[in-house]
Amino acid sequence: MIKYLTILVIAVSSISAVSVKFSGCRSHGVHGTLTTVDVEPCPAEPCALPHGKNITLRATFTPSVDSNTFKSSVHGIILGLPVPYGVPHGSLSGPIVSGQEVTYTNTLYVSPAYPKIRLNVEWEVLDDHHRDLFCFIIPVHITS
Ligand SMILES: *[C@@H]1O[C@H](CO)[C@@H](O)[C@H](O)[C@H]1NC(C)=O
């Protein structure tokens, strides 16, 4: 029974997680190659971020540098201006090793206080020296 449930959960989560189209950030040198960005849930693009929900973001990338630490930096681009957006630092399993693919996971809580607008989200993860390991932009819209 437990085995059956586990399979069911994996099947359901692989349906709701969507690899979304992303673009690189302007004027940023990056020290890694980003392969996929998954957003869950995201039934259709641009991803809808419903008020009061947690959105899970998963990025797979191969760094071209080693790093012991990492830091997440997220901005909403509103009317062309980057507005800082506080997120937890997310997780990566252990130190980052150049050439070894890793998966970064983070959760974003969509506060009901956020205005219901369409915007671009710029997501960066920085290394020990505050250099970008990756940086991408995805369009989203905040819904109720
Ligand atoms: C969102 O995540 C936070 C932190 O893990 C948790 O406390 C909260 O209950 C979650 N909210 C929902 C709506 O899932």
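The following paragraphs describe the fold, the sheet pairing, the nonpolar core and the enclosed spaces of this predicted model.

Residues are numbered from 1 along each chain as its sequence is written, and side-chain values use heavy atoms, with hydrogens and water left out. Because the model is predicted, local features need pLDDT of at least 70 and side-chain atom pairs count only at pLDDT 80 or more, whereas totals for chains, interfaces and linings use all residues.

The chain contains one helix and 10 strands; these elements are DSSP runs numbered from the N terminus, with helices being H or I of at least four residues and strands being E of at least two. In sequence order the pattern is α-β-β-β-β-β-β-β-β-β-β. Of the 144 residues in the chain, 38% are buried, where buried means under 20% relative accessible area, exposed over 50% and partly exposed in between, with a 1.4 Å probe and protein chains only. Contact means heavy atoms within 4.5 Å. Among contacts in the chain with a separation of 6 or more, 65% are between residues 24 or more positions apart.

Strand pairing comes next. Strands of a sheet pair through backbone hydrogen bonds, either parallel or antiparallel; here two strands count as paired if DSSP finds at least two bridges between them. Four strands form an open sheet in the order 1-3-5-8, with antiparallel pairing. Its edges are strand 1 (18-19) and strand 8 (102-109), each of which pairs on one side only. Strand 5 and strand 8 run antiparallel and are joined by eight bridges, and Phe61 has Val102 in strand 8 as its bridge partner.

Within strand 3, Asp38 offers a local view of this region. Asp38 counts as buried because its relative accessibility is 17%. Its C-alpha lies 4.2 Å from that of Ser19, although 19 residues separate Asp38 and Ser19 in sequence. Leaving out residues up to four places away in sequence, Asp38 touches Val18, Ser19, Thr56, Leu57 and Arg58.

Strand 6 (71-78) takes part in further pairings. Strand 6 and strand 9 are antiparallel and share seven bridges, and His75 stands opposite Glu122 in strand 9. Strand 6 is also joined to strand 7, again antiparallel, by five bridges, with Pro82 in strand 7 as the bridge partner of Ile77. The hairpin of strand 6 and strand 7 has two residues between the strands, and Leu79 takes a positive phi near 50° there. Strand 6 is mostly covered, since six of its eight residues are buried.

In soluble globular proteins, nonpolar side chains tend to be buried together. A nonpolar core is a set of buried Ala, Val, Leu, Ile, Met, Phe, Trp, Tyr and Cys residues joined through side-chain atoms within 4.5 Å. The largest such core has 30 residues, and those with the most contacts inside it are Val39, Leu49, Phe61, Tyr104, Trp123, Phe134 and Phe136. At least two residues of this core come from each of strand 3 (32-40), strand 4, strand 5, strand 8, strand 9 and strand 10; strand 10 gives the most, with six residues. Setting aside neighbours within four places in sequence, Phe134 is in contact with Val30, Leu34, Ala59, Phe61, Tyr104, Trp123, Glu124 and Val125.

Rolling a probe the size of a water molecule over the atoms shows where empty space is left. On a 1 Å grid over the protein atoms alone, a cavity is a set of points where a 1.4 Å probe fits but cannot get out, and a pocket is an open set with protein on both sides within 12 Å along at least five of seven lines; lining residues have an atom within 4 Å of a point. Grid points are joined across faces, edges and corners, and a volume is the space filled by probe spheres set on the points.

The structure holds one cavity of 30 Å³ or more, and the largest cavity contains about 80 Å³ of space. Its lining comprises Val39, Cys47, Leu49, Ile55, Leu57, Leu108, Val121, Trp123, Ile138 and Val140. Strand 4 (47-50), strand 5 (54-63), strand 9 (118-126) and strand 10 (132-143) each supply at least two of these residues. The lining divides into 10 nonpolar, no polar and no charged residues; Ala, Val, Leu, Ile, Met, Phe, Trp, Tyr, Cys and Pro count as nonpolar, Asp, Glu, Lys and Arg as charged, and the others, Gly among them, as polar.

The largest pocket holds about 190 Å³ of space. Of its 16 lining residues, Gly76, Tyr85, Tyr114, Leu119 and Ile142 lie nearest its centre. Strand 6 gives the most to this lining, with four residues, and the lining residues divide into 14 nonpolar, two polar and no charged.
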